[in-house]
Amino acid sequence: MDLNFQINKREKLSDQLYGQLLEKIVSGELKEGFKLPSENEISRAFQVSRPVIREALLRLQADGLIYSRQGAGSFVKARPPEGLIKFTAPSDIPGLLRCFEARLPLEGAAAALAAQRATEEDLQAIEAALVAMEDAMNNGEIADKADFDFHMAIATATGNDFYMSILGTLHTAMRSGMRVALNITKGGSRERVKKVQEEHRTIYDAISLGDVTAADLAMRYHIQSARTRLMNHQRDT
């Protein structure tokens, strides 16, 4: 395998290494079952320390892309969809995944509070964003703005300004992740599009019914599913 890694000292080294290994996995240069170069080989090619290499490899392992065998090394486990590196820079992927990780508990709690506290006006705002997203997706558009508006409307429905503030801080990363995920969904089957729409509709239904537990679970399921769609080219759900 060509170990001609490129580094940019202005970017986090482990993110760059993660991104470049990811790119080789997505392209098929490193196929499922293939053994990755050793830490020493990567260190010589990338000219970085072994802790940086271990951080990148551990992250690839946590994302289900590689696995390690004691004494044997690391091997490719799964190939993400090609759209993952078509619609964003490979070195940006770790940041997008960290955003999904942060959103999971935060937005689950927000949906639960929204189920308790949403006013009729709040429900109308959530539904309006949902309908706008569904219409855009049905027209073949990338509905990242309407998707973000849907999640922000839920944060607003909590009645707690901190949720709105945190989502505002995450705005750029969230929109980026949504664009990549929605682009991948757009290139998939009609069933995939419907599944994404149904996940959002289920969240809205739980909130409108005041079902705290269902709202929390529906939001967590949606965010985890979105992350899985981003990383697994074989998943059509």
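How far apart are the mean positions of the positive and negative charges of the protein? In this predicted model, the mean positions of the 30 positive and 32 negative charges lie 8 Å apart.

## Overall fold

The protein contains 11 helices and two strands. Following the sequence, these elements occur in the order α-α-α-β-β-α-α-α-α-α-α-α-α. The radius of gyration is 19 Å, close to the 18 Å expected from the globule rule for 237 residues, so the protein is as compact as a globular protein of that length. Its C-alpha trace spans about 60 × 35 × 30 Å along the principal axes.

## Burial, contacts and surface

Of the 237 residues in the protein, 48% are buried. Among contacts with a separation of 6 or more, 74% join residues that are 24 or more positions apart. The protein has an accessible surface of about 11,500 Å², and carbon and sulfur atoms account for 49% of that surface.

## Helix H2 and its surroundings

Helix H2 comprises residues 39–46, and its residues Ile-42, Ser-43 and Phe-46 are buried. These three residues lie on the same side of H2, because the arc they cover around the axis is only 100°.

The cover over the buried residues of H2 includes helix H1 (13–27) and helix H3 (50–62). After H2 comes Gln-47, which has a positive phi, near 60°.

Terms used. Residues numbered from 1 in each chain as written. Predicted model: local features only at pLDDT ≥ 70, side-chain atom pairs only at ≥ 80, totals over all residues. Heavy atoms only, no water. Helix = DSSP H or I, 4+ residues; strand = E, 2+ residues; numbered from the N terminus. Rg over C-alpha atoms; globule rule 2.2 N^0.38 Å. Buried < 20%, exposed > 50% of the residue type's maximum accessible area, 1.4 Å probe, protein only. Contact = heavy atoms within 4.5 Å. Areas by Shrake-Rupley, 256 points an atom, 1.4 Å probe, with all protein chains shown as cover. Lys, Arg positive; Asp, Glu negative; His and termini not counted. Charge placed at Lys NZ, Arg CZ, Asp CG, Glu CD. Arc of directions from axis to C-beta.
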